[in-house]
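Hi everyone, thanks for making the time. I'd like to walk you through one model this morning, so please have a look at the screen.

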Amino acid sequence: MAFDNILVVCIGNICRSPMAEALLKQRFPNKHIDSAGIGALVGHPADPASIKIMQDIDIDITNHVAKQMDEALAHKADLIFTMSDGQNRWIEERWPFCRGKTFKLGHWQGNDIADPYKNEMSAFQQAYQDIVRGIEQWQDKLD
């Protein structure tokens, strides 16, 4: 199955999912990659720490605007990446058709990607590293 439409989900859609969205877009320029939050800070830009981390690798996410996950986004996605088991449950309880296409980005390592929101820069760097590892583990399944 081709995964041409990928949705990345976290809580606020300002820290982890914007970074993951940008990294996936860089690796898969022919796929449609989007992000949203289950409790999004709708209308907010990406967190300044996420922007800084991405700027350090020459990826600009300054135009990111947080949005709430909704049923339309769930329908459109072929694959939904989350940051935790709790986010998987939240999505699958609301939209049972998402079962079988919703996975943690850290699925293959069996770990969640911790929320760095309102934490030190080191927490953002750890989240970034976990996101990169997660994408690397999914790479061959997405090609």
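Let me start with a cut-off we'll need: a residue is buried under 20% relative accessible area, exposed over 50%, and partly exposed in between. With E136 at 43%, that makes this residue partly exposed. And please keep in mind that this is a predicted model.

E136 is a nice place to begin, since its side chain meets that of R27 in a salt bridge, 3.8 Å from N to O. This pair ties together distant parts of the chain: E136 belongs to helix α5 and R27 to helix α1, 109 residues apart. R27, at 34%, is partly exposed as well.

Let's stay in α5 for a moment. D130 and R133 both sit in this helix, three residues apart, or about one turn. They form a salt bridge too, and their closest N and O atoms are 2.5 Å apart. Is D130 buried or exposed? It is buried, because its relative accessible area is 10%, while R133 is partly exposed at 36%.

Then there is K141 with D140, whose side chains meet at 3.0 Å, N to O. Here D140 counts as exposed at 55%, and K141 as partly exposed at 33%. Overall, the structure holds 10 salt bridges. There is also a network of them linking D85, K104 and D112.

Now, on to the inside. The largest nonpolar core has 34 residues, and L24, M54, F81, L105 and L142 have the most contacts inside it. β1, α1, α2, β3 and α5 each supply at least two residues of this core. Which of the elements gives the most? That is α5, with eight residues. A second, separate core has 13 residues, including L7, A77, I91 and W95.

M54 deserves a closer look. Leaving aside neighbours within four places in sequence, M54 is in contact with M19, A22, L23, I59, I61 and Y128. M54 is one of the buried residues of helix α2, which runs over residues 48–56; A49, S50, I51 and I53 are buried there too. What covers them includes α1 and α5.

The ends of α2 are worth a glance as well. At the N-terminal end, D47 acts as a cap, with a side-chain oxygen 2.8 Å from the backbone nitrogen of A49. Just after the helix, D58 takes a positive phi of about 60°.

That's my tour; I'm happy to take questions!

Definitions and conventions. Residues are numbered from 1 along each chain as its sequence is written. This is a predicted model: local features need pLDDT of at least 70, side-chain atom pairs count only at pLDDT 80 or more; totals for chains, interfaces and linings use all residues. Side-chain values use heavy atoms; hydrogens and water are left out. Buried means under 20% relative accessible area, exposed over 50%, partly exposed in between (1.4 Å probe, protein chains only). Helices (H or I, at least four residues) and strands (E, at least two) are DSSP runs, numbered from the N terminus. Contact means heavy atoms within 4.5 Å. A polar contact is a pair of N or O atoms within 3.5 Å; within protein, one must be able to donate a hydrogen and the other to accept it, and residues adjacent in sequence count only if both atoms are side-chain atoms. A nonpolar core is a set of buried Ala, Val, Leu, Ile, Met, Phe, Trp, Tyr and Cys residues joined through side-chain atoms within 4.5 Å. A salt bridge is a side-chain nitrogen of Lys or Arg within 4 Å of a carboxyl oxygen of Asp or Glu.
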